[in-house]
Amino acid sequence: MDRRRLALWLTMAWGASSRRIEEVLAGVRDPERLTWAVRQNRREEGEIPLSPEAAARLRRVEEDAVTAMLRALDDRGFEMLERGDGRYPERLAQIPGAPPLLFVEGNLDGLDEEMALAVVGTRRISEAGEKLTRALALDLAERGVTLVSGMALGADGIAHRAALERGARTIAVLACGLDRTYPAEHEALRRAIAAAGAVVSEQPLGIPPLPAYFLRRNRILTGLAMGVLVTEAPARSGALNSARHAAEQGRDVFVALPPDGVPRENNEGGIQLMEDGAIGVRRAEEILAAYRG
């Protein structure tokens, strides 16, 4: 078993959220020897120490299942990028807790050389907030900015569609396996995003969109970008989780200053972010100016 298959085996057995995966991949010297020791229930000197429970979970995933997963990915035209190989985005690889594996539909090549911005906001967006998000996203896309978002209802979908309308690259980060589309009503949007950019996930095929996965995927969303733009966010919006990830990763956090018509409760999260140091903006030019020397 090579390192690539080992990474997939660990992910399938322990789940993509397991921090132990990175520890094992960093410490293992001989994947074949580790595989043999686990299958034989042996704890030989020099192997990565695993708890009985962790080893038992690995034994429950047969090597045939790993092969079947790789075949299923290939049959669907999906790629599996391992952290450290040449096609894994370096920008993402540098963040704390970067996913060991990234599953991709579409193309991420050249992303590190592009200006990329994450655009996030509430699913229950107001009419004024929708107009604001669309206007900013259209302007950014027209200026060649790659827009990254989570393909959710509301602000996410608006940003992706604006990028597509301007012929710009856009990337969607899912909280489930690539064999699923969430929300289901965005199936046509998902196909268009994959054709114009990429749909990505850290989750293997077959994994459903569980609530905890959405918060974890946000670190990938911001990790692929240079900064994040929050367009409309109530106090408990998931967009604030993305903003926190961005700040922890050393990314810029921008907040769209609301026009008249945006209910105050829909912007309470943005107000809090600006009190914490986020940059308020009204136009795409103000965002781009932050990256000019």
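This passage describes the two largest pockets of a predicted model and the surroundings of helix H11. Local features require a pLDDT of at least 70 and side-chain atom pairs a pLDDT of 80 or more, whereas totals for chains, interfaces and linings use all residues. Residues are numbered from 1 along each chain as its sequence is written, and side-chain values use heavy atoms, without hydrogens and water.

Pockets were located on a 1 Å grid over the protein atoms alone, as open sets of points where a 1.4 Å probe fits, with protein on both sides within 12 Å along at least five of seven lines; lining residues have an atom within 4 Å of a point. The largest pocket has a volume (the space filled by probe spheres set on the points, which are joined across faces, edges and corners) of about 410 Å³. It is lined by 21 residues, of which Gly 121, Arg 123, Ser 237, Gly 238 and Ala 239 are the closest to its centre. Helices H10 (211-223) and H11 (239-248) each supply at least two lining residues, and the largest share, 6 residues, comes from H10. Helices are DSSP runs of H or I with at least four residues and strands are runs of E with at least two, numbered from the N terminus.

The second largest pocket holds about 290 Å³. Its lining comprises 15 residues, with Arg 19, Gly 97, Ala 98, Arg 216 and Arg 219 the closest to the centre. Helix H2 (20-27) and H10 each supply at least two residues of this lining.

H11 is largely enclosed by the rest of the structure, because 7 of its 10 residues are buried (under 20% relative accessible area, 1.4 Å probe, protein chains only). H11 is followed by Gly 250, which has a positive phi near 80°.

Methods. Buried means under 20% relative accessible area, exposed over 50%, partly exposed in between (1.4 Å probe, protein chains only).
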